[in-house]
Amino acid sequence: FKVIDADDFADTAALVQFVNHLNGCEADVVQTPYNLIDIKTGDRKKIPLSPPFETTDKISCVINQSPFPSLHTTTLRTDFVKDHPFSLLENAYYVDEELALYPFFWAKTVCSFDDAVYCYVVNNDAQSTSVKNKVKNREHRERIVKRMMDSLSSSDFTNDNYEFCSRRVERSVGDHFTTLYVLNSDKKNGRREAKMLSAYLKEHHPHFYQATKKKRLLLCILNLLHVSIPIYER
C-alpha cells in the first residue's frame, strides 16, 4: 500500500521493478529512495537511501536513515494496514506526516529496496509545502502536530518503536516552529504564536517542550534579527 500525493507521480519503470521486489517481501514497512523533480527547471535528482538495509526487526534503524522516513519513502504491507487500522485528520493539509508516523506504532519489521518509485515535485508555488502556503495553512500543521503528540502519549510501544516515533514527532514540532518564527513574514505575530505553542507543550507535552528547547531558542533569535528565508536556508 503506497500513497502518491496528487501533486506528484510515480516512475513507471521503477514501479514495475519495485512490485517485482515486493513479491517476495513480508516486511511490515518498506523504505525506498525517491526522485526530486524541479517543476520550473525540469531537473531530476535521485535522493538515495542511506544506509540501505535488509529486512530487520530493529525499527530504530530508520532513526538514522537519510532521507528520514516520509510519505515519499514509505510503503506498507496491505495486510499490516488492515490489522492495524488508523485514521488521518480530515479536511487538513500535511496529513502525510500522520501516514509516515502511525504505522511505526506497530511495525515489527522493515526493509529497503533501491527502487526510486516516488517522484516528488518541488518549486511549485501552489503546493502546500511552499513557504507561502506553510504560513497560510499553519493552523492545519499545528492541529496535525498536536494530534501526533496526543497519539504518541496515549499508545504503548516497544522501546525501538517509541524511540523512532518520538524522534519523528520531534522533527515535525521543530519544523512547525520554523514556520512560526522564520517563514512567517509577520515576525511579531509569529513570535506570539510560537510562545503560545511553547506554553501548550510545557503544560501538555513536557518531553517535546524539552526536546525542542534548543531549536526554539535559535529560531527565536533568528526571528528577532529578522533573518530572511534565503539566509536561513543557506
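In the predicted model, asparagine 137 is placed in the loop that lies between helix H4 (131–136) and H5. The relative accessibility of asparagine 137 is 8%, and the residue therefore counts as buried, the limit being under 20%. With neighbours within four places in sequence set aside, the contacts of asparagine 137 include Tyr93 and Tyr94.

Helix H5 also takes part in the nonpolar interior. The largest nonpolar core comprises 37 residues, and Met149, Cys165, Val169, Phe177 and Leu201 are those with the most contacts inside it. At least two residues of this core are supplied by each of helix H5 (138–153), helix H6 (159–183), helix H7 (187–204), helix H8 (206–211) and helix H9 (213–224). H6 gives the most to this core, contributing 8 residues. In soluble globular proteins, nonpolar side chains tend to be buried together. Cysteine 165, one of the residues with the most contacts inside the core, touches Leu101, Phe104, Phe105, Leu152 and Phe157 when residues up to four places away in sequence are not counted.

A further set of contacts involves phenylalanine 1, which is located in the segment before strand S1 (9–10). Phenylalanine 1 has a relative accessible area of 47% and is therefore classed as partly exposed, a category that lies between the limits of 20% and 50%. Residues up to four places away in sequence not being counted, phenylalanine 1 touches Thr75, Leu76 and Thr78. Phenylalanine 1 and phenylalanine 80 are separated by 79 residues in sequence, and their C-alpha to C-alpha distance in space is 9.5 Å.

Notes. Residues numbered from 1 in each chain as written. Predicted model: local features only at pLDDT ≥ 70, side-chain atom pairs only at ≥ 80, totals over all residues. Heavy atoms only, no water. Core = buried A, V, L, I, M, F, W, Y, C linked by side-chain atoms within 4.5 Å. Buried < 20%, exposed > 50% of the residue type's maximum accessible area, 1.4 Å probe, protein only. Helix = DSSP H or I, 4+ residues; strand = E, 2+ residues; numbered from the N terminus. Contact = heavy atoms within 4.5 Å.
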